[in-house]
Amino acid sequence: MLRISCLLTLLGILLSAAAATDSTLKLKWQNQSRNDLIVTTSNDTVQLEVKKQGKFDGAAAAVLPDVPQKTMVFSGKVKSGKTGIAYFQVKLYHNGKELNRFSSNCNRESAEELHVQFDPRGADRVELLCRTTAEAESVGASVQFSEFQLLPAAEFRLRLPAEKVTPGYEACSIELNHRRAAAYEEFQSEVSYRPAGTETWITALPLAYQPQERSARGSLLNLKENTSYELRIAVKDAGKTEEINRSFRTLSSKVPIAQTIELGAGTRLPLTIRRSGSPDGYIRYTVKPGVILDAGTRADDVILVDRASCIILDGLTLRGGRKNGIRLDAASHIQILNCDIAGFGRIGTRRPDLDGKFYENGRPLNNDAGIRIQNCRDILVERNYIHDPRGTANSWFYSHPAGPNAVFVGGTEQAIFRYNDFIGSDQHRWNDAVEGMNNGSVNGSVCRDAEIVGNYFAFGNDDGMELDGGQQNCRFLFNKSEGVLCGISTAPCLAGPSYLAGNLFCKPGDELGFTNTAIKNNYSVAGSGKLYFLHNTIVGDWDAMSGYGGKKGDTSLEKLFKGCSRNNLAAVSGGLATGIFRAMNDFDYDLFATGKPDLLTTLQQTFRQERHGCDKRPVFVDAARGNYNLTPDSPGFGMGEPISFFTGTETPSVGVLHKDLPFRPVPFHADAARLEFPTVPTAPATVTLTVTDPAFRSEFRIMSNEASRFFQVSPDRGTLAYGKPVKLTVSVKPEKITTARIHSGAFLIRLPNGLSRPVSVYADSTQNEALLRKDRANVIRGKVDSAGNGRVQLSVDVPRNGSYYMFLRSKKINHRIPVSIDGGEPARLILLGQPGSREKWHVLGGFTYTGEPNRPILFPAGKHTIVLHNFPETPSGFALAKQPDELLAAPRNP
């Protein structure tokens, strides 16, 4: 049974306050997991007993008799002897097809209220679910769900405090609720702050107003850790004026330690931590010198922190874990510091006949992680090196990537990821380097009060990081994404605001060189959260930014203020999706040098944006070696709008603010962030390290992935000191280059405390004829002929039965192509490949970006004819191959 709010109109009945107290809506709960669950119902209670581990999370479901037409919150009480196993979910359907699903956090306490927010508009069926997780730990557990409520989101928010200030380490969240303004223009705020004891107020960004929630939220950025501040907010709210004054102190990463536990070589693994420390005394786990904790594949995790708090994992070297290196379940106040994590996760078997993902026991493998963080709060992940998972992710060549992550996170508040190196490789690619659970939920990923600062996201087949979900006061600052399909995903920003500032997105490309967009915002639900884009630099062969998504024809986006952009620099071969301006935005003082020559004119004249924008090509200090700061004579130098708390100057340049990215608080500089070797073999290159602080002195080590040993660095260790530059020599090892491709990797100049400077390395062996002949020995070449009337005929003689992918050598074609094989009915296929208009090899297959897997085609031995209909050019080549990298690893070579 579902209690109905006195303010909720449901089923066309407006209930009075008295009626709401007594009236209930009877729902019929169905057991959707009969093989795994026992479900009993009584009055307004649903009891779930987990009798065995299921393939999917267990569920008891009920269908709403009618669909509300506003944003709602489904809530209830959850009781269980086991925490971290129960949650609410809402599924939306239209014409029998699932549109979206939204999930609450899992239960963190033995008894607590959970809630999930959802917008059902566009759905014709709403399903409410009580769920239990499909984990071995859930077996035998009993969960009671009760006191269900369905409320409009605006009414549910009446429970929130009128004002809330949440300090972080280098940021602070502000939230004002129960406001009066019914529209954006009826609410204004001026926010300023100052360190306690100082005179000068610093102007911050105004709060982002959410009229549908009657709430205003925002963040103070660029604060100092462990420092007291004063806050002043002047508010004009639908004619009412007030001033709010508060004081706060930012958090400190230096916490008191009550006990240090030193782990030795005989430590029993997995190590399960359930005993908590306290705020006055954390429990710190470290290792004896030289000890490696290796769980192999005999345990799912090397370390499990199970519902514990006030724990530090410091200086650990972890190997193995059948699924994860470290797993945090419903934990709080955890620090993971200076750890080296590798060799985790499952391998599986690739199934090209399905979708190209890697399978084990009939299920695709996904989200095995160096660190898995689920339903946690106050988590500090800092100065870690996560690399070399055992498995790899599939490329978009096959389907949406699935595979390992450096970090997999969801339902987690106040997550702080600072100064970490998340480095994949050609052989062991990330899916996303950091992936979020429950993308379409306000509890998705690092859902609120996050600080993602100074991290290196490298070599994944999808996104550098997924922020997707609530993103309530989420800060993504001074990071670097490289070697990925998309640099960062904000899809969707449901609550906001989210801040993307000072980041570098460069050298894009998945394992086959496929690229998409640096900043990905589009999702089936656009969300009402606001996004700030400040001082980012985007370079390379991809698009700068996507639209916000939403349903086609949905005009509600026009009423949302979604984006504010200042002082960004994009020098890309693609464009910027003008669909972003379906919503209200404020873009100005940006430099967009794109492959769309009329972009700036369109932005200014059609969308009334970028009044002070620029579209001239920037001049970088040393782009070839990864330095994307502007030269003094470059367009964009000194043209930005001052942002007092951020730039520190009245004439800031566009683009990144820091000389070395990702930002690291270390006083030494490397004169190269990237080395590119254009041929193999080739002469060595050098990197010079220079200390900038006379008081600094430290040992260093060179560290790199096991799977990236196609180069070597000498010396591999040494001492950094002021006035004594260190020269590193980087050499490609030809004996390790066994395929014709652009090989990618990175090395770290790493200090004992885990802080580092990363340098990426690329070696191009695509012109090596011997390697090309070896790689393409099994490629079946076909013939291309014009058939007239826009048709192209391809013919091929297949020597033996087999399943093959089709490849065309042509310019990039961005539309569906009707293709008939041996006189059959035409199927609509698409060309996918590396970006750019130069002639190269593309796969001709399923459009994986729309959810259609690209499967190989069975060609019996003998001659075959393929006809392309309405094809605007005559390709210069046609071929069949069983593996994509046979042609796509070096696509420009005939």
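How far is the sulfur of C447 from the closest cysteine sulfur, and which residue holds that sulfur? The views below come from a predicted model, and the first one takes up that question.

**View 1. C447 and its closest cysteine.** The closest cysteine sulfur to that of C447 sits in C474, 9.3 Å away, which is too far for a bond. A disulfide needs the two sulfurs within 2.5 Å, so this pair doesn't make the cut. As for its surroundings, C447 is buried, with a relative accessibility of 3%.

**View 2. C106, another cysteine without a bond.** Look for the sulfur of C106 and you'll find its closest cysteine sulfur in C376, at 10 Å, again too far for a bond. C106 is buried too, at 5% relative accessible area. Widen the search to the whole structure and the disulfide count is zero.

**View 3. R274 meets D306.** Now for the charged pairs. Here R274 and D306 form a salt bridge, with 2.7 Å between the closest N and O atoms. The two come from distant parts of the chain, 32 residues apart: R274 is in the loop between strand 24 (271-273) and strand 25 (282-287), while D306 belongs to strand 27 (residues 301-306). Is R274 buried or exposed? R274 is exposed, with a relative accessible area of 55%, whereas D306 counts as buried at 10%.

**View 4. D586 and R566, strand to strand.** The closest N and O atoms of this salt bridge, formed by D586 and R566, are 3.0 Å apart. D586 lies in strand 57 (residues 584-588) and R566 in strand 55 (residues 561-566), so the bridge ties together parts that are 20 residues apart in sequence. D586 is partly exposed, with 29% relative accessible area, and R566 is buried at 12%.

**View 5. A network of shared partners.** Which residues do salt bridges with shared partners join into one network? They are R157, E175, E213, R217, R448 and D449.

**View 6. E127 and R125.** In this view E127 pairs with R125 in a salt bridge, and 3.6 Å separates the closest N and O atoms. That falls inside the 4 Å limit, so the pair counts. E127 is buried, with a relative accessible area of just 4%, while R125 is partly exposed at 33%. To put these close-ups in context, the salt bridge count comes to 44.

Technical notes: Residues are numbered from 1 along each chain as its sequence is written. This is a predicted model: local features need pLDDT of at least 70, side-chain atom pairs count only at pLDDT 80 or more; totals for chains, interfaces and linings use all residues. Side-chain values use heavy atoms; hydrogens and water are left out. A salt bridge is a side-chain nitrogen of Lys or Arg within 4 Å of a carboxyl oxygen of Asp or Glu. Buried means under 20% relative accessible area, exposed over 50%, partly exposed in between (1.4 Å probe, protein chains only). Helices (H or I, at least four residues) and strands (E, at least two) are DSSP runs, numbered from the N terminus.
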